[in-house]
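I opened the model today to look up a few things. My notes follow in the order I took them.

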Amino acid sequence: MLDGVLAPGERLPSTRQAADDYGVSRGMLEEIYAQLTEEGFLQRAVGRGTFVAWTVSRLSEPAKSDVTKRRLPAPSRRGRSVAASAACREPAVARPFNAGIADTSEFPWKIWQRLHARAARELGRDGLNFADPRGLWNLRVAIARYLAQFRGILCDARQVIVFNSAQQALHTLALLLINTGDRVWMEDPCYLGARAAFELAGAAISAVPVDREGMRVDLGVRRSPRARIAYVTPSHQYPTGVALSLDRRIALIEWASRNDAWIVEDDYDGEFRYEGQPLTALHSLDSHGRVLYVGTLNKSMFVSLRIAYAVVPEEIVDSVAKFRTQLDGFTPAVPQMAISLFMDEGHFSSHLRRMRAVYGAKRATLIEGLAPLAAGGWTWSGNPAGMHLLAAHERGDYVRAVAASSALDLALLGSYRSARGRDDGLLLRFGGLDAASLLEGIAVLVEAAERMKPKLGSSYFKKQARKE
């Protein structure tokens, strides 16, 4: 009827005839006819038969010619702006160089299966009734212990709130702490998911440039001294990969204290530093209670885990939890319990040590493979951390030509900036790549960079050679 196969006013066969046609009982057809009549699709008249109701014509599929003319209400300007970027969407298939996700080939799957089953047994029916928006107490205790031991963050488990993702944590904090029109410092370039979270909360974004020492705090103070929040990725800036220097960390905390502002520290991959110990978290330097720390287990374990957390002052825990309730309620108890067991038994710390070696080797392979490009003016951060590497060049047209000429899944630095600059870069996300895919991607990229060289003119590269 909805497809127009049975037209409005058309007579249907009797229930006896339809039952014979379809090989079912007449009683079933009587139930079907009665239901469709009650919903208004059919009309039945004693002695005349059963007919398709004329009102069905108003629900019929429009002709194809009409579909092309159909105009739906447009999304809001804010909606169009946020939906225009898919930069924080995880890839359906990992390939060079879109794979900034965890490598699961080394994950202890059998241990995880055992602990997941044990978690369900230990929770019992209490797990079916769990609804705490702050998270399972066992996991909050385990996270607080981990942060103290491995990230130098001393906090009470009551300050830890569990989320499904760092993105959700950022969205919740933005909604709670920002009034429409409040200024927020954002690194430029920045993680676009964070920008979207603050824009959805109605913030006015103040783009603060990033250089080799991280966010230019002095420029932030000069441009927007009364900003409400500063968002930073201090241990491994996204996407440039640089680390925020100690002088600027201190300056940022002092600014927040003077101006009654917040600092949101996104430590999305702080565990993965390949020389020495992980950098001290900004939260550990803060004696004023201004730093809100956001971390995730989705990068350190596996992408579909969907567990992240925030560490906030106890004074706002209840407010954050209430906001969490308005978004999606809470995170299921069983996976939380499984993670707490995974941490308590030492499997998490062992897995981190193993994956530091794995990702460190991948990064070393990538840098070694890109080495021939250095003579042509390509540069990358020396910060030995993270699961991505930004290969930059002062000639943006050259970078974009390389990206366009290769079959690789390459993200441009320019897409993370508030405005395009003369230079540009390629974001090489390698975490989820196997060795063969990584080597293949490197070969394709280097070949494309070499192939596009002549199109820039020989004088430019002679100049670069003299610099070397």
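I began with a β-α-β unit: strand S8 (residues 229-232), helix H10 (residues 246-258) and S9 form one, and it is right-handed. I note that the model is predicted.

I then checked the pairing around S9. S8 and S9 run in the parallel sense and share 4 bridges. Across that pairing, I found Tyr-231 opposite Val-264 in S9. S9 also pairs with strand S10 (residues 291-296), in the parallel sense and over 4 bridges. There I noted Asp-266 opposite Val-294 in S10.

Is strand S9 largely enclosed or not, and why? I counted 5 of its 5 residues (262-266) as buried, so the rest of the structure largely encloses S9. I used under 20% relative accessible area as the cut-off for buried. Next I sorted the directions of the side chains. Trp-262, Val-264 and Asp-266 point one way from S9, while Ile-263 and Glu-265 point the other way, and all are buried. This is the usual pattern: in a regular strand the side chains alternate between the two faces of the sheet.

Next, the nonpolar cores. The largest has 42 residues, and Trp-112, Leu-147, Leu-297, Met-301 and Ile-339 touch the most other members. I listed the elements that supply at least two residues each: helix H5 (109-123), helix H6 (137-150), strand S4 (160-163), strand S11 (308-311), helix H13 (333-344) and helix H14 (347-370). H13 gives the largest share, 7 residues.

I picked Leu-297 for a closer look. Leaving out residues up to four places away in sequence, I found that Leu-297 touches Phe-302, Leu-305, Ile-307, Ala-308, Tyr-309, Ile-339, Met-343 and Phe-348. Apart from this core lies another, of 38 residues, with Ala-169, Val-294, Ala-310 and Leu-390 among them. Val-294 was already in my notes as the residue in S10 opposite Asp-266. A general remark for the margin: in soluble globular proteins, nonpolar side chains tend to be buried together.

Last, I looked up the second largest pocket. Its volume is about 450 Å³. Which residues are the closest to its centre? Of the 17 that line the pocket, they are Arg-212, Thr-240, Thr-379, Leu-390 and Ala-392. Strand S6 (204-211) and strand S12 (388-393) each supply at least two residues of the lining. The largest share of the lining, 3 residues, comes from S12. I marked Leu-390 twice, once as a member of the core of 38 residues and once in the lining of this pocket.

Notes. Residues numbered from 1 in each chain as written. Predicted model: local features only at pLDDT ≥ 70, side-chain atom pairs only at ≥ 80, totals over all residues. Heavy atoms only, no water. Core = buried A, V, L, I, M, F, W, Y, C linked by side-chain atoms within 4.5 Å. Buried < 20%, exposed > 50% of the residue type's maximum accessible area, 1.4 Å probe, protein only. Contact = heavy atoms within 4.5 Å. Pairing = 2+ DSSP bridges. Right-handed = clockwise from strand over helix to strand, strands pointing away. 1 Å grid on protein atoms, 1.4 Å probe; cavity = no way out; pocket = protein on both sides within 12 Å on 5 of 7 lines; lining within 4 Å. Points joined across faces, edges and corners; volume = space filled by probe spheres on them.
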